[in-house]
Structures are given as C-alpha cells and as structure tokens.
Amino acid sequence: MDNQDHFKSNKTLWEARTLAHVKSDFYDNESFLEGRNTLNAAELKTLGDISGKSVIHLQCHFGQDTLSMARMGATTVGVDISEEAIRVARDMNSQLGLNSTFVCCNVLDTLEHVKDTFDIVYVTFGATCWLPDLVKWADVVSTLLKPGGQLYYHEFHPTFYIIDDKLKKIGYPYFNTGAIVETHRGTYTDTSEDIELKEVFWSHSMSDLIMACIQSHLQIDVLNEYDFSPYNCFENMTEVETGKFVLDVNGIRLPHTLELVATKI
Ligand SMILES: C[S@@+](CC[C@H](N)C(=O)[O-])C[C@H]1O[C@@H](n2cnc3c(N)ncnc32)[C@H](O)[C@@H]1O
C-alpha cells in the first residue's frame, strides 16, 4: 500500500473518532463551549500573549485549541483531514461568534489551499505520528511562516511513543522503519466505543525532528522535555498533580512530552 492509501484509512479512522471525541469526557466540549481554554499550562506559558498574532493550527482535530487561541485574540486557521472534525469546528466557530477559518485537507497539501503566511504555526499532541516523514512536513511549516515567525510544537516524546499500551514491553521502533499498521477497538477517549478501524502511523526520532527543522531553515530556540503528560490518554497513568499524568516503567520515569519552538530564518 502506498501513503495515499494510508492517508485514506486514517481519514476514515478520524471521521469515526471525531464523532466519539466530541461527546467524550476527555475533550469535555461542554466546558469548552462555556469558556474553558484548552491549551495546557506549558503551551500558555511558552506561547505568551498571542493577541493580534496570526496562527495556523495544523491537524486541529475539531478545533478546540484553534478556537481557544481565537478567544485569546489571535486570528486563527485550523487544518485537518477529517471532514467531520472541520464541520464541528466550523459549527462551534459560528456558535461562539469567533472568526476562525477551517480548511479540510491533508496537512502535507496545505500549501495548495492556504496562500497566507503566519506568525505562528501551532502543532500539538498526536499530530506528526500520522505522517510518513517530517521533511515534507517541516517544509510546509516553514513555507507557512512569515520570516521571523515561529513553529510551536508540543508532542508526546519520541521515547514515550516506543512503549506499548499495556506497559509490558518496548512495543514500537524508536526510528522510522516505515508504516505501522494496527487495528484497535475503541479510541483513546473511550476504549469501549464501537470503532474498530485500521490506523497507520510512523515513528519519528528526535534527530528526524531536529534535522527536518534545520533543513527547512527553522532555527531552534526552545527545546523542553517534560516528565509528565498533560493528558491521561494511556492505560495505567497516575495523576501526580492536577493535570499531570505519569507512567513509571519499572519505577523509572521516561520523558513524556517534548516542546519545541523554532524561528524561520
Ligand atoms: C490526536 S488529533 C490532534 C489533536 C490536537 N492536539 C488538537 O489540538 O486537538 C490528530 C488529528 O490529526 C488529523 N490528521 C491525521 N492525519 C492527518 C493528515 N495527514 N493531514 C491532516 N490531518 C490529519 C486527524 O484527523 C486528527 O484530527
């Protein structure tokens, strides 16, 4: 199968997942609609005041973060492959009286649909694992940025992605060895959801990420590694503080997330 087939499978997966996610406790859309900002503490701290800035949110899912940033005063655009996610995001934008725009496409094709450049490209959790390589992605990010504009990237750490869901073993390759194809029941917001679809994802090492940025003229300004996750989305996590979830593997704490800021030079 080629990558276009893989993207097609993943689109089908995300159409189904979105329906489940919108009504999930995990995404708690009710409190979001009432005003909750869905950016986590690190994101708010590192981004700082984004009022008046233009932001494009790649792989925006159904738009909670995109619309949260609009509420913070930014002009925002969200991009996602799922038609259902974009439909929900647009509905919420109207409902909340915001002026975000949403584009439905493969993130790697964004430049065919979006001609503007931005102060910030925002990419967070569970995004780049759905892409076969980061070189094309970093090129898209760089082209979307104004000179001096910044990529804000906050993801699960490449080391964290190698653990299998049940914490029994190292389950996934650290380096990108090609497409990983699996079928799981449910979704990360609810394992009992009636979804049983193929998912195709890829591993990306730290050097893949950093080299892709370097090759696309993205100069790294910030690189933070955190020993907790802001999301309780893997089995067996313990909440050590409000909003801080950890997995100790044999008593050892791995890096959980990675935050990177890079400036287009
Ligand atoms: C885990 S969600 C991202 C959640 C995100 N952190 C947020 O702000 O809500 C992953 C998203 O990536 C999208 N996606 C997966 N593959 C994609 C692709 N090739 N192009 C664009 N979007 C993609 C899915 O539709 C889904 O909405």
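For counting charges, Lys and Arg are taken as positive and Asp and Glu as negative, with His and the chain ends left out. On that basis, the protein chain in this predicted model carries 21 positive and 38 negative side chains. The centres of these two sets sit 2 Å apart.

Now for the overall build. The protein chain folds into 8 helices and 13 strands. Its C-alpha atoms fit in a box of roughly 45 × 45 × 40 Å along the principal axes. A compact globule of 265 residues would be expected to have a radius of gyration near 18 Å, and the protein chain comes in at 17 Å, so the two agree. Of the 265 residues, 51% count as buried. Looking at contacts with a separation of 6 or more, 71% link residues 24 or more positions apart. On the outside, the accessible surface adds up to about 12,300 Å², and carbon and sulfur atoms make up 51% of that.

What about the inside? The largest nonpolar core holds 32 residues, and I56, L58, V121, W137 and L151 have the most contacts within it. Several elements each chip in at least two residues, among them the strands β1 (54-58), β4 (118-124) and β5 (145-156), and the helix α8 (206-215). The top contributor is α7, which gives 6 residues to this core. To see how one core member is packed, take L58: leaving aside residues up to four places away in sequence, L58 touches V79, V107, T110, V121, Y122, V123, W137, V141 and L144. There is also a second, separate core of 11 residues, with Y27, F32, F62 and V88 among them.

Notes. Residues are numbered from 1 along each chain as its sequence is written. This is a predicted model: local features need pLDDT of at least 70, side-chain atom pairs count only at pLDDT 80 or more; totals for chains, interfaces and linings use all residues. Side-chain values use heavy atoms; hydrogens and water are left out. Helices (H or I, at least four residues) and strands (E, at least two) are DSSP runs, numbered from the N terminus. The radius of gyration is taken over C-alpha atoms; the globule rule is 2.2 Å times the number of residues to the power 0.38. Buried means under 20% relative accessible area, exposed over 50%, partly exposed in between (1.4 Å probe, protein chains only). Contact means heavy atoms within 4.5 Å. Accessible areas come from the Shrake-Rupley method with a 1.4 Å probe; for residues, only the protein chains shown count as cover. The place of a charge is taken as NZ of Lys, CZ of Arg, CG of Asp or CD of Glu. A nonpolar core is a set of buried Ala, Val, Leu, Ile, Met, Phe, Trp, Tyr and Cys residues joined through side-chain atoms within 4.5 Å.
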